[in-house]
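Work through the exercises below with the structure in view. Try each task before reading its solution.

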Amino acid sequence: MANIDTRPGRVRPAPENFLTDEQIAAVKDGRRDFLRRAFVTASAAMAAPAVARAAGEGDPAILNLPPWSTSLGQPVAANPYGMPSKFERGLQRRESPGLTRVGGSSVAFTPLQGLFGIITPSGLHFERHHQGWHDVDPSKHRLMINGLVKTNAVFTMDDIMRLPSVSRIHFIECGANTGMEWGNVAVPTVQYSHGMISCSEFTGVPLKEILDMCGADYKKGRFVLAEGADGSSMTRTIPMELIESGEVLVAYGMNGEMLRPENGYPLRLVVPGVQGVSWVKWLRRIEVGDKPWATKDEAVHYVDLMPDGLHRQYTSIQECKSVITTPSGGQLLLDKGFYNISGMAWSGRGKVTRVDVSTDGGINWRQARLETPVLSKAVTRFNIDWVWDGKPAILQSRAVDETGYVQPSYGQLRKVRGTKSIYHNNAIQSWKVVESGEVSNVQVL
Ligand code: MTE
């Protein structure tokens, strides 16, 4: 921390948090002093002493005992299932206004700007449904195995949950994450630009164990088809090598409890490193076959439109990518001084080995700290110190994975992929900071 300006820099942590509409309007009007006072009250612990001394008066938040210090609190189990503080209610998954016409076939994005560490709280896990979600009765749910197997079988949830289980932390990213940004800047915040990624601990049974029990023909049966029980007929081909690696799970647990209904309760496929669409929810059937099925969700959707007009199929692995989550678009730096730049990096091919951060639009780069744990095919948290001098800046992060692959710039990616695609945009994200402290989404080639 040598050379670091010790004055606290202060960031409005998430667009929806802490500040009232009136306070945000005050920032826009340029009434920064008013805002500074308001912010001190809202986050006294961070900045009160210095400001209170400067004002020559005591801080009421420390001089007067608040009700929570002088009265009896709520009893245990007042909330039998705990919920976040009411002061955090702005942190929610949200639909991007105007993105889709009906909520049953839409996305609710994870508020990455307000999260810490690597695990996504289950209630904030992004949602992507093709035909809505149901709270499926587990006693009526079945998993059928058929195709190139010796014995066709039907499993109840009890049958599956009595098998030996494993728990593993992995990210799931929709192939369409950042898909709106192929041509140009389209959305203001990291929630909408990158919020189709979440990272959880999943518990379940390796699919290989279940296929072994059914006597799968691994010689001829080089593919499986996974099918969901919802009305969208979600069906995806998964190459058998992935299943043979033992990584693909038939999962019922997420973050220590059963999956949430929105995320496939009671059973979903977990396919580490592969785009979200293959993580079939409400999983009801696995068929072993000798060639890919080319179903609608792999022939028409989730294909990459290339510059020559042809579509590229079965590019399922999510390549190495990263994004700075704070400071990020829609946030506001309230003062010059020290900031902890924080973000997430991930790779569908293994571990992240390095993240570099630039504050001048890619001219100079510094190596960020990777926080532990650094896990394969999981989100890795990175942090780096920064002292903002109040001048315009462009913040970027660039991740490298264990294969040596380096996250590309928009210029590099567009040279190969063009600008008309939807899927698999892993370009370097840029956030511009202007003198007023406002942070916005920009693209740097
Ligand atoms: N499985 C079924 N049965 N139905 C669906 O609509 N959506 C897919 C996949 N599995 C989907 C599904 C897509 S496109 C993605 S990105 C992930 O689920 C999203 O998982 P989540 O909603 O748990 O985030």
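**Exercise 1.** State how many residues surround the ligand in this predicted model, and name the closest.

*Solution.* The ligand is surrounded by 22 residues. Phe126, His130, Asp230, Arg268 and Lys281 are the closest of them. Sorted by class, this shell holds nine nonpolar, seven polar and six charged residues.

**Exercise 2.** Find the element that gives the largest share of the shell around the ligand.

*Solution.* The element is strand 3, which spans residues 127-129. Strand 3 supplies three residues to the shell.

**Exercise 3.** Which atoms of the ligand lie 3.4 Å from His125, 2.8 Å from Asn263 and 2.7 Å from Asp230?

*Solution.* Take the side chains in turn.

1. His125 has a polar side-chain atom 3.4 Å from an oxygen atom of the ligand.
2. For Asn263, a polar side-chain atom is 2.8 Å from a ligand oxygen atom.
3. For Asp230, the partner is a nitrogen atom of the ligand, 2.7 Å from an N or O atom of the side chain.

On its own the ligand would expose 530 Å², and the protein buries 100% of that area. The ligand sits in the largest cavity.

**Exercise 4.** Is Asn383 buried or exposed, and why?

*Solution.* First locate the residue: Asn383 belongs to strand 22, residues 380-388. Next take its relative accessible area, which is 11%. A residue counts as buried under 20%. Asn383 is therefore buried, because its 11% falls under that 20% cut-off. Finally, look for a partner: the side chains of Asn383 and Glu371 are joined by a polar contact of 2.9 Å.

Technical notes: Residues numbered from 1 in each chain as written. Predicted model: local features only at pLDDT ≥ 70, side-chain atom pairs only at ≥ 80, totals over all residues. Heavy atoms only, no water. Near = heavy atom within 4 Å. Polar contact = N/O pair within 3.5 Å; in protein donor to acceptor, adjacent residues only side chain to side chain. Areas by Shrake-Rupley, 256 points an atom, 1.4 Å probe, with all protein chains shown as cover. 1 Å grid on protein atoms, 1.4 Å probe; cavity = no way out; pocket = protein on both sides within 12 Å on 5 of 7 lines; lining within 4 Å. Sits in = over half its atoms within 2 Å of the grid points. Helix = DSSP H or I, 4+ residues; strand = E, 2+ residues; numbered from the N terminus. Nonpolar A, V, L, I, M, F, W, Y, C, P; charged D, E, K, R; others polar. Buried < 20%, exposed > 50% of the residue type's maximum accessible area, 1.4 Å probe, protein only.
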